Structures are given as structure tokens and as C-alpha cells.
Amino acid sequence: MSQSTKWVYSFGDGKAEGSAAMRNLLGGKGANLAEMSNLGLPVPPGFTITTELCTAYYANDRQYPEGLRGEVETALADVGRAVGASFGDPARPLLVSVRSGARASMPGMMDTVLNLGLNDETVEGLARNSNDPRFAYDSYRRFIQMYSDVVLGVEHHNFEEILEYFKEDLGVSLDTELSANDWKEVIARYKKRVEEELGEPFPQDVTAQLWGAIGAVFGSWRNARAETYRRLHNIPESWGTAVNVQAMVFGNMGDTSATGVAFTRNPSTGEFALYGEFLVNAQGEDVVAGIRTPQSLTEISRIAAKDTKPSMEKALPEVFAELVAVFDRLEKHYRDMQDVEFTVQEGKLWMLQCRSGKRTARAALKMAVDMVAEGLITEEEAIARIEPQSLDQLLHPTLDPNAPRDVLASGLPASPGAASGEIVFNSDEAQALAQAGHQVILVRIETSPEDIHGMHSAAAILTTRGGMTSHAAVVARGMGRPCVSGAGTIRIDYKAETMTIMGEVFARGDVITVDGSTGQVLRGLVPMLQPELSGDFGTLMGWADRYRRMKVRANAETPLDAETARKFGAEGIGLCRTEHMFFDETRIAAVRQMILAHDVQGRRAPLAQILPMQRDDFRRLFLIMKGLPVTIRLLDPPLHEFLPKGHEEIALVAETLNMPADELSKRIHELAESNPMLGHRGCRLGISYPEIYEMQARAIFEAALLAAEETGEPVIPEVMIPLVSMKAELDLLKGKIVAVAAEVEAEKGAKLTYSIGTMIELPRAALLAGEIAETAEFFSFGTNDLTQTTYGISRDDSSRFLGDYMQQKLIEQDPFISLDTRGVGELVKIAAERGRVTRADIKLGICGEHGGDPASISFCESLGLTYVSCSPYRVPIARLAAAQAALAAR
């Protein structure tokens with residue numbers, strides 16, 4: 001960076017050096033503070049240190065560049081002038097907050113410090129100027145607690161413990177019952193604990209405090225919880241965070257002061273109604289940390305919550321009316337639902353933050369569709385607003401309303417959806433059990449950002465403290481996890497690993513059900529209902545279908561999968577894996593007989609038994625798909641996969657097949673391969689045992705004629721030959737399939753229409769695609785195997801070490817989850833280009849797991865592929881992602 005780089009941008013007092021358009025430089029929070037200032041809204045003055053500085057700080061071994069200190073001093077003096085105070089001045093001290101603000105919202109993931117600038121001298125000035133010593137010393141103890149935790153590494157519990165014991169000694173339970181002198185005593189004990197922990201006193205130099213806090217915010221960009229959040233939400237580390245330093249305004253200056261968090265629409269349902277909470281005589285951290293249970297903003301929500309405490313609408317009616325007008329203005333300006341933090345200081349409203357609010361998928365759909373109807377946004381913008389992956393939240397079960405419910409406790413319905421699982425009390429265990437295949441419910445007094453991995457692993461989250469805008473609520477909604485928060489009748493004992501409800505004790509491992517839509521906690525497993533997709537979902541998907549170019553098919557081989565895929569809008573089957581049908585218990589014995597046979601004749605008899613079963617499989621798929629394309633992949637995996645493993649299973653199967661166990665063991669040994677993924681599989685099986693592919697081809701063609709007869713609509717099967725690496729393999733097998741088709745036509749006296757293509761899943765096939773396209777009428781990119789063979793990595797083993805690669809920043813994404821566009825993607829591009837040169841109208845699709853990944857779908861759109869194919873439950877995600885990709889390409 002050159003010395004002329006500007007590191008600091010000021011805002012407040014009705015003007016700003018930045019704007020909302022500068023989000024990448026100023027971070028989301030800084031850009032929006034600048035924008036609100038430019039709109040003339042009441043924003044406490046401050047300044048933003050840019051994200052570029054964060055990048056420079058890490059690139060320069062955590063050293064600040066030249067010129068930064070001078071810019072900060074100048075900006076700080078300007079803030080002091082605007083509020084009539086001076087940083088470190090004992091008479092009129094300026095106090096500031098120091099907050100992070102990345103360009104992507106990361107709620108609760110990074111560090112914040114409030115009341116910075118207080119020390120033993122300035123606290124007296126604050127007490128005199130506010131005429132409220134209790135407020136001043138309360139603010140000072142909060143600062144020591146927060147600064148020590150965030151900057152000095154003296155953990156929060158040290159101070160909570162001191163405060164709880166102190167209140168016990170006094171015989172009081174609420175912080176508000178402590179006097180100024182009580183707070184002075186607490187402060188003395190806090191400072192003593194800091195000195196005991198660190199060997200040096202709490203810093204009194206306000207400038208040292210400021211740089212300590214700035215360093216802590218930049219440092220927190222790389223803390224464990226922020227790294228986890230970035231990985232889950234695909235936020236690059238290179239973006240960095242900004243730091244916002246802002247004059248403090250105080251919500252804890254008595255009964256005309258308050259602090260709150262609000263959403264301009266309901267983030268759970270999308271309803272156009274003000275939603276939020278506030279606390280009288282409190283600071284912002286009290287609301288989001290869930291330390292005190294907050295009050296409702298509006299009378300309607302207070303009545304619905306059966307809350308006896310007054311709503312803001314009643315308690316502070318003038319400020320509430322001003323707030324409503326600000327919300328209306330912000331939503332119209334940003335044309336999106338806003339999440340707003342505000343403080344009221346002695347009856348004066350201050351706006352501390354606004355950002356596009358996190359919301360559930362259902363709420364996002366409703367808001368997007370409503371905003372189009374309101375004329376606020378266009379259909380194209382509505383499509384772009386919905387995160388495709390978030391649709392997953394809508395495709396999962398809810399509680400059956402007719403099922404008996406044994407309600408144990410109720411809390412707040414913080415994030416919709418329902419789940420049953422085993423109780424766990426800590427995040428590490430939640431992660432370990434989930435990885436071992438258990439369904440778990442994470443039960444906590446309150447969650448903190450350290451719990452992010454446990455929340456991600458859990459099926460649902462239950463907390464006993466906190467409101468609808470607490471950490472648990474916001475993060476669960478973003479992840480699509482059901483969550484009940486503030487279930488205050490539950491007592492949790494972390495040490496004993498139990499929770500107690502009305503005297504009844506529940507232990508770790510007991511099963512409960514959490515209903516995030518109603519706020520109920522229920523005993524045991526409760527039956528679930530599958531989701532209904534209509535209304536706003538149908539409207540938005542209709543728009544997506546209108547704007548997308550690529551078709552979306554599903555990977556399906558069972559009638560249930562095919563029906564699910566159709567229900568979710570699939571336009572055909574892009575991959576029917578015939579081997580999945582072979583594992584059915586009614587046919588596995590015949591499959592094993594066929595494999596164990598020593599010659600063609602021995603194989604033909606069991607194949608004749610399998611033929612009618614396969615024919616019926618295909619007929620049912622063709623009927624469900626009603627004339628839509630169905631791509632059927634001929635047998636792919638190595639034959640030993642169908643054979644028993646272990647002595648007991650071998651003995652059992654030998655008895656079923658009426659053969660000696662040692663003979664079966666010997667044949668299994670003969671078929672075993674050192675590296676089956678690269679062994680006798682795919683088209684190589686068809687070449688060694690052509691009778692297998694001939695039986696499957698016959699089953700396909702006979703089924704097509706039967707289905708066409710039943711529906712009166714033509715059926716056009718696409719027969720796909722797997723793992724081809726040379727044109728000669730395809731020529732040989734295509735010839736055999738064409739011969740079978742001719743036989744069926746002659747036998748049935750009917751004309752077949754079909755196409756024969758191949759999977760491109762080997763680098764050699766991609767490079768020779770021009771030649772292969774002379775024979776193949778379509779290509780389907782099997783990107784799972786293509787990724788394995790390009791990287792030389794076994795997908796089944798990759799989880800053991802790819803985590804290390806990601807941790808050490810060697811790769812940003814697991815290439816089996818999101819397509820590696822530089823390597824594997826380049827092979828897809830080469831194959832598509834060369835295939836089209838030979839056969840201009842060649843149909844090109846993708847059928848690996850990547851077919852349901854939005855980033856991979858975007859890449860497929862850039863190559864002009866004909867379709868993507870994915871698992872049935874990802875079809876809506878793919879439809880929306882394909883529309884977004886098409887709109888982005890315009």
C-alpha cells in the first residue's frame with residue numbers, strides 16, 4: 001500500500017466521507033453508518049478504519065502501516081468536537097465503542113468493546129457531567145469486564161463470579177439494585193482480579209486502551225468462531241474486517257433511556273410487522289447477549305407474548321413514533337428488510353446500526369414476493385434475494401398437528417421447523433455425536449459464538465435464556481436450525497449433564513423434540529409431516545423457471561425418489577444408477593449367482609431372473625416421468641461390491657446360494673481388487689460380460705414400449721455407458737445396444753426412439769471428447785469421479801485430510817462439495833468445446849453431487865450446459881441457482 005492510502009473515513013453529524021456503495025472498503029456496518037448519516041438520521045459521530053487496513057495488518061506481521069495513528073488522532077478529535085468532549089479529558093471525557101464490521105454480516109462472531117475511554121479519573125468526570133454517579137460507575141465496571149475479556153484475555157466468568165458473590169453478600173438479585181458505592185467496590189475487585197491474572201494493573205492510559213481494542217477487533221477476524229462462520233458461509237478470509245469507532249450514547253441513564261434491536265419485518269415469518277425487543281435503562285449488549293429478558297416493542301407483540309411489562313410503544317410513545325418513521329425510511333431507501341440497533345439516551349433516539357436482516361427461508365420468500373407486489377423490487381431482484389441453499393429449510397419436516405404432544409416447557413419460537421434428538425449439553429459433544437450419526441439437540445443456558453460448531457452439528461437448539469434476537473436465535477435462523485430460546489422454566493446443570501423441568505430430571509442422551517415454530521419442548525419423538533410447497537414458494541419458483549435457461553433433472557432410481565423429484569419440479573431424470581436396484585433383497589441372490597458364475601451360460605440364467613425386475617423398475621420410472629427424458633446409466637460399480645463381507649455373512653450367503661462357503665470365499669478373493677475405483681468397473685464390465693449390458697438394454701427398451709402403451713405418450717430413454725476412456729469402448733458397446741434395440745423392435749413390432757451417450761468422468765475422455773462425440777449422442781459429466789481421477793484423491797478417504805488442507809488455506813472449498821473450476825472445471829470446458837465441434841447439437845449435462853451446488857451451477861451456466869441433475873431434495877435449489885446464474889450472465 002502506498003503512504004497516500006486513506007485508512008480512516010468519518011461519519012455522523014448529518015454527513016459522511018463514505019456511503020453504502022463502499023461496503024467492500026468500509027464493511028457492512030461502516031458503509032451503513034455512513035449511509036444513515038448521509039440520510040440525515042441521528043447517528044452518533046465516529047469513524048471507520050478500512051478493511052484494506054486489516055489486510056495490510058496481517059500481510060505486515062500484525063504491524064500497522066505508517067500514517068494510521070495520525071489519521072485516527074485527527075478523526076477522534078473531530079468526534080470529540082462534534083459531541084463537546086475530549087478523549088482522556090477528566091472534565092469532559094469522550095467515550096467510544098469499538099466494533100468490527102466485515103462486508104458480510106457475521107452476527108456475534110467478532111469482538112466489541114463499549115465505554116472505552118473510562119479510567120479512574122474520567123469516570124469521575126462522567127459522574128459529574130451526567131449527575132448520575134451510579135450510571136458512571138456501572139459503565140466503568142462494564143468496560144473493565146468487556147475490555148478484560150476481549151482485549152486482555154481475562155475471561156468473562158471471572159467477573160460474573162465476583163458480581164454474583166457480591167450481590168449474594170448484599171442480599172440482592174438485580175444489578176439495578178446496586179448503588180454507585182457498590183459499583184466502586186465491584187470495580188476494585190475487578191481490577192484486583194485482572195492484576196492477579198495478568199501480573200499488571202488494568203490499563204489507565206486511554207490511548208493504549210483504544211489501540212488495544214482496535215488490535216483485538218482485527219485479531220478477532222482470525223479467531224476460531226469467526227473462521228468457522230466464514231467456512232460455513234463461504235466468506236473469504238481475504239475480505240478482512242473494518243473497525244468502527246463511535247461516540248458512546250447511553251441507554252443506561254435511567255428510565256427515559258433504553259436500548260433495542262428491531263427488524264422492519266418479521267424475520268421468522270416475513271410478515272410486514274415491526275418485530276423486535278428493547279430494555280429500559282440498559283446497554284445494547286444486554287439485549288443481544290440474552291443476559292436480561294427484554295420487553296416487546298409493540299403492543300400487539302406484547303399481548304401475543306402475554307408479557308406484563310410495558311411495550312416501547314406505551315413506555316416511550318414519542319421516541320417509538322420517531323423510530324417507526326425511521327424504519328419506514330430505511331426500508332424504502334434500502335428496498336429490503338432492515339435489522340436495526342438503536343439507543344435512546346434521556347429521550348433522544350440514536351441509530352447505531354442498520355443492515356439487511358438475517359431471515360428464515362420462508363420469511364425471505366414472503367418478503368421477496370410481497371416486495372414485488374408492493375413495487376419495491378423487480379422479479380429479477382426477488383430471485384437474486386433468495387439464497388438457494390436456504391430453500392433446504394422449507395423442504396424438511398414439521399410436527400404432525402394430530403400427533404399427541406407431551407409439552408414439557410415453552411419458550412420463544414426463535415427459529416422455525418422441528419426436530420427430535422438426544423440431549424447434549426456442549427458443542428464439542430454435539431459435533432462428535434453428529435459425526436457418529438446421532439441426531440442431537442444442543443441444550444444450553446445461552447449460546448455464545450464459541451458454540452457455532454455445535455449449533456451447526458445439532459438438529460435443533462434449546463436455550464433457557466435470551467430473546468428472539470439473542471445469539472442462539474439469529475444464528476439458528478441463518479443456519480435453518482429449529483430453535484427455542486428463553487425457556488425459563490428449565491434448569492440446566494452442566495456438571496451433572498442434566499436439565500430439570502418442574503422437578504423432572506432429563507439426562508444427557510434422553511430424547512426430546514423441539515418445535516421452533518411454536519416454542520414448545522416436547523417429550524420423546526413426535527411424528528413429523530413432510531412440507532407442502534405452495535404459495536410464495538410456488539410464485540418465486542415460477543419466476544425462477546421463467547428466467548433460467550438450463551434444465552434441472554434429478555438423480556433418481558426408485559419410484560419414491562422420482563415422485564419426490566417431480567413434486568419439486570424436476571424436468572426428467574439425469575442419472576438413474578441401475579446398481580442401486582440390484583441391492584434389493586428380492587434380487588440380490590440372483591445378482592450374486594450371476595457374479596459367481598464361471599461362464600456366459602452360468603450368467604444368463606440369473607440375468608433372465610433379473611430382467612423382468614429391471615424392466616418393471618424402468619417402466620415405473622418412465623410412467624412417473626410422463627415423457628420427460630430419463631438417463632439410465634448401465635451397471636457401473638465393481639462386482640465385488642455386491643458380494644458378502646466377513647465370515648458370518650459369507651456362511652449365510654453360501655447357504656442361500658446352495659454352495660460351499662470356502663468356494664464362495666475363493667470367488668470373492670478372485671474378484672477382489674487393489675484399487676477398485678480404477679479397476680474392473682463401468683464399461684469394462686460391459687466389455688468383459690456383454691450379457692449384463694444386453695440384459696439391461698433389453699429391460700430399458702421393453703419398458704419404454706410398455707410405458708408408451710400405458711400413457712399414450714412416447715418414451716425416449718437415454719442409455720448411458722459409464723467410465724469410457726476411448727471411442728473404441730463406446731463403439732463396441734453401442735453396437736451391442738443397437739442390436740438389442742433392433743431385436744426388441746422386431747419382437748414387438750414397434751419402433752423405438754432412444755439415444756446412447758456416455759459419462760465423461762476420466763481426464764482422458766475429456767481430452768478426447770471430440771472423437772468420442774462421433775459415437776456419443778450426449779455427454780453427462782460425472783464430476784464425482786472426474787474430481788477423484790483429476791486430483792488422484794479417493795472421495796471416501798478425502799475427509800481424513802481435506803480438512804487439514806482447508807485449515808492451512810491450501811484450498812478454500814472441498815472439491816467434492818463445490819466444483820474445482822480451475823482444474824476439473826477446465827476439463828469439463830475442454831470436453832464441452834471439443835464435443836460441440838464434432839456434434840453441434842450434443843446434449844451436455846452434469847450429474848455429480850455438484851449438480852445441486854449453486855457455485856457449480858453458475859459455472860455450468862457459463863459453459864452453456866443443457867441441464868444439471870441433482871438429488872431430488874436439491875431440485876428447488878438448482879432451479880433457483882440456475883435462474884440466478886442466467887440473470888447474472890446477462
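User: How do β14 and strand β18 pair, parallel or antiparallel, and over how many bridges?
Analyst: This is a predicted model, and in it β14 pairs with strand β18 (residues 483–485). Proline 413 stands opposite valine 484 in β18. As for the pairing, the sense is antiparallel and the number of bridges is three.

User: Which strands stand at the edges of the sheet ordered β13-β23-β22-β15-β16-β17-β18-β14?
Analyst: That's an open sheet of eight strands with mixed pairing. Look for strands that have a single partner, because one side of each is then left without a neighbour in the sheet. Those are β13 (407–410) and β14 (412–415).

User: What angle does the direction of helix α16 make with that of β16?
Analyst: Within the sheet, neighbouring strands are turned by 30 degrees against each other on average, direction ignored. Helix α16 (residues 427–435) packs on this sheet and touches β15 (418–424) as well as β16 (440–444). Its direction and that of β16 make about 180 degrees.

User: Now the sheet of three strands: which residue stands opposite threonine 500 in β21?
Analyst: The order here is β19-β20-β21, an open sheet with antiparallel pairing. β19 (490–493) and β21 (504–507) each have a single partner strand, so they stand at the edges. Four bridges join strand β20 (residues 498–501) to β21. Opposite threonine 500 you find valine 505.

User: How much does that sheet twist from one strand to the next?
Analyst: The sheet in question has the order β19-β20-β21. From one strand to the next, its twist averages 25 degrees.

User: How many residues of strand β26 are buried, and which strands pair with β26?
Analyst: β26 (residues 573–577) is mostly covered, with five of its five residues buried. Strand β25 (residues 551–555) pairs with β26 in the parallel sense over two bridges, and alanine 554 has isoleucine 573 as its bridge partner. Strand β27 (residues 630–633) also pairs with β26 in the parallel sense, over three bridges, with cysteine 576 opposite isoleucine 632. In short, five are buried, and the pairing strands are β25 and β27.

User: Why is cysteine 683 in no bond with cysteine 847?
Analyst: A disulfide needs two cysteine sulfur atoms within 2.5 Å. The closest cysteine sulfur to that of cysteine 683 is in cysteine 847, and that is too far for a bond. The distance is 15 Å.

User: Is cysteine 576 buried or exposed, and how far away is the nearest cysteine sulfur?
Analyst: Cysteine 576 counts as buried because its relative accessibility is 0%. The count of disulfides comes to zero. Cysteine 576 is thus in no disulfide, and the nearest cysteine sulfur, that of cysteine 847, is away by 11 Å.

User: At roughly what angle do helices α6 and α7 cross?
Analyst: Take the axes of α6 (residues 156–170) and α7 (residues 180–198), which come within 10 Å. The crossing is right-handed. The contact includes Phe159 and Phe166 of α6 and Trp183 and Tyr190 of α7. The angle is roughly 145 degrees.

User: By class, how many charged residues are in the contact of α6 with α7?
Analyst: Among the residues making this contact are Glu161 of α6 and Arg189 of α7. By class, nine are nonpolar and one is polar. The charged ones number six.

User: Which residue just after α4 takes a positive phi?
Analyst: In α4 (residues 122–130), Thr122, Val123, Gly125, Leu126, Ala127 and Ser130 are buried. What covers them includes α5 (133–152). The phi just after α4 is about 60 degrees, and the residue is asparagine 131.

Conventions. Residues numbered from 1 in each chain as written. Predicted model: local features only at pLDDT ≥ 70, side-chain atom pairs only at ≥ 80, totals over all residues. Heavy atoms only, no water. Axes fitted to C-alpha atoms, helices over the stretch in contact; angles between N-to-C directions. Left-handed = near helix turned anticlockwise from the far one by under 90°. Contact = heavy atoms within 4.5 Å. Nonpolar A, V, L, I, M, F, W, Y, C, P; charged D, E, K, R; others polar. Buried < 20%, exposed > 50% of the residue type's maximum accessible area, 1.4 Å probe, protein only. Pairing = 2+ DSSP bridges.
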